[in-house]
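Reader: I would like to go through this model one piece at a time. Please give the terms as we go.

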Amino acid sequence: MASIRKRGKNSYQIIVSNGYDINGKKLTETKTVKRPPGFTDKQWDKEIEKIALEFERQVETGQYLDGSKMTFAEFVEKWIKDYASSELAPKTFHRYQQLLSRILPALGHIRLDKIQPTHLLEFYANLKERGIREDTTYIAKANELRKVINGKAITDKELAGKTDLQIRTVQKVFKGKAVKYTTAVAISNVLEVPIDSIFTTSGEPAPLSDQTIKHHHRLISAILQTAVHWQLISSNPAARIKPPKVEKKEAPHYDEDTVKLVLSLLDKESIKYRTMMYLTIFSGVRLGELDGIDWPDFDFNNKYLTINKASQYIPGIGTFTKSPKNESSVRVIALPDIVIDQVKEYRKWWNEQKLKVGELWYKDSEGCESNRVFVQWNGKPIHPQTPSKWWKKFREKYNLPELTFHGLRHTNASLLIAEGVDVQTVAKRLGHSKATTTTSIYSHFLKKPDREAAAKLENLFKKKKELPKQA
């Protein structure tokens, strides 16, 4: 049974027995609560009895957590198990795991209730250093690395086992081949030496962007806020510092003349990729949404496209279909005749390919034939990154200005705004949950219509002023 003792004027301590340790020492869990003002003795006796019973239940069932006895890494493990793995979208969860691969080595050892804003500020400063990016490659300083290994009497095979790397990866390191940041970190951690003492970066390493550092801050803050909600810590240290400042830049896009050039060049490309590009440029769909389109999503009579799903790929999971980014992403987009005609032409080609393949046409786990619009030769859905990779090769082939596939979505929005389409309509076509999101992303593009509006207003009153006075 839980016992209750008074600690101060309005402070009480609840004590619950929690078994014995391996030496036979009795273990207890304690919880301190304060009597709220205004409670009568009778009310408080009833309330603290209820709190004590709930605390006892939590201890007995293993649900009680104590921020003073748990490291940040241990809490993250519980956060992943009890929340993230089931509540977050697969791609978001995968991205968070990537961020945690940097966060935990730096902060994981700190006790949850001891994390201070200074710890976070030091971590963000470290993220700004060159060589932190995962796409930065590292090459071993062969002599220095071998000296450290010989000094610790570790074989290559033992090093592979302790770092959880494949033996061929370790051998690659010794051959002077470039390896990923995570590989270099794993080896330096096991050997207990600074990374720069046994590795050098390949080429000119770039630091993480301010936006990426801000993503780290947001994740840390969200995890610590959960700890507050679960009553493990009293406040969120991440809330007491300003997140890294991100310089607002114009969304990368092509202008009208470049888009005209792209469309003319597409006539020389295969019908599948030409159709992909037409859909993306004229509808502004996201990459995953483009990959997830099925033939029934088209209404050719009314010239509409329904977006109701997206295709994604995650290492270890593979390609899968999921709901769009948010509720507002489920939408119907009107398509111009030029796109409808292109899609109809492609559908004719698609049906011809299906006829040629015959019985080999891809069937899903339930035995249904694939109805996905953009597929491989046998009807199997394309890899979600295929359009993006093709676009990069296309750009380089014709020496077009650098632009990511997502930049085509920005291009669509910029062209609509330039033509005077109102922000609310643009937001609906793009699938933004709020028009303010559209305004924030495309604020640079909105300046031109705003200037034109001001000029029109000025001209209006200029004309009135210049009217001749009546006799």
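Author: Two strands pair if DSSP finds at least two bridges between them. Helices (H or I, at least four residues) and strands (E, at least two) are DSSP runs, numbered from the N terminus. This is a predicted model, in which local features need pLDDT of at least 70, side-chain atom pairs count only at pLDDT 80 or more, and totals for chains, interfaces and linings use all residues. Residues are numbered from 1 along each chain as its sequence is written, and side-chain values use heavy atoms, with hydrogens and water left out.

Reader: How many bridges pair β6 with β7?

Author: Strand β7 covers residues 304-307, and its pairing with β6 is antiparallel. F298 has its bridge partner in β7, namely L305. The number of bridges between β6 and β7 is 2.

Reader: Which strands stand at the edges of the sheet β6-β7-β10?

Author: The sheet is open, has 3 strands in the order β6-β7-β10, and is paired in the antiparallel sense. Each edge strand has a single partner strand, so one side of each is left without a neighbour in the sheet; these strands are β6 (298-299) and β10 (331-334).

Reader: What is the average twist in the sheet β1-β2-β3?

Author: This open sheet also consists of 3 strands, antiparallel in their pairing. Its edge strands, β1 (3-6) and β3 (26-34), each pair on one side only. Axes are lines fitted to C-alpha atoms, for helices over the stretch in contact, and angles run from 0 to 180 degrees between N-to-C directions. From one strand to the next, the twist averages 25°.

Reader: Which residue is the bridge partner of I4 in β2?

Author: Strand β2 spans residues 11-20 and runs antiparallel to β1, with 4 bridges joining the two. In β2, the partner of I4 is I14.

Reader: Which strands does α1 touch?

Author: Contact means heavy atoms within 4.5 Å. Helix α1 packs on the sheet, and its direction makes about 25° with that of β2. The strands touched are β1, β2 and β3.

Reader: Is F55 buried or exposed?

Author: F55 has its place in helix α1 (residues 41-60). Buried means under 20% relative accessible area, exposed over 50%, and partly exposed in between (1.4 Å probe, protein chains only). The relative accessibility of F55 is 1%, so F55 counts as buried.

Reader: How are α2 and α3 directed relative to each other?

Author: The axes of α2 (residues 72-87) and α3 (residues 90-107) come within 11 Å and cross at roughly 170°. Angles under 35 degrees count as roughly parallel, over 145 as roughly antiparallel, 65 to 115 as roughly perpendicular and the rest as oblique. The two helices are therefore roughly antiparallel.

Reader: Which residues of α3 meet α2?

Author: On the α2 side of the contact are F72, A73, V76, W79, I80, A84 and S85. They meet F93, Y96, L100, I103, L104 and L107 in α3.

Reader: How many residues of α12 are buried?

Author: Helix α12 (residues 271-283) has 13 residues. Among its buried residues are I271, Y273, M277 and S283. The helix is largely enclosed by the rest of the structure, because the number buried is 12 of the 13.

Reader: Which residues does T280 touch, leaving out those up to four places away in sequence?

Author: T280 lies in α12. At 0% relative accessibility, T280 counts as buried. With residues up to four places away in sequence not counted, T280 touches V285, L290, F405, L408 and N412.

Note on methods
The expected span of a helix is 1.5 Å times one less than its number of residues.
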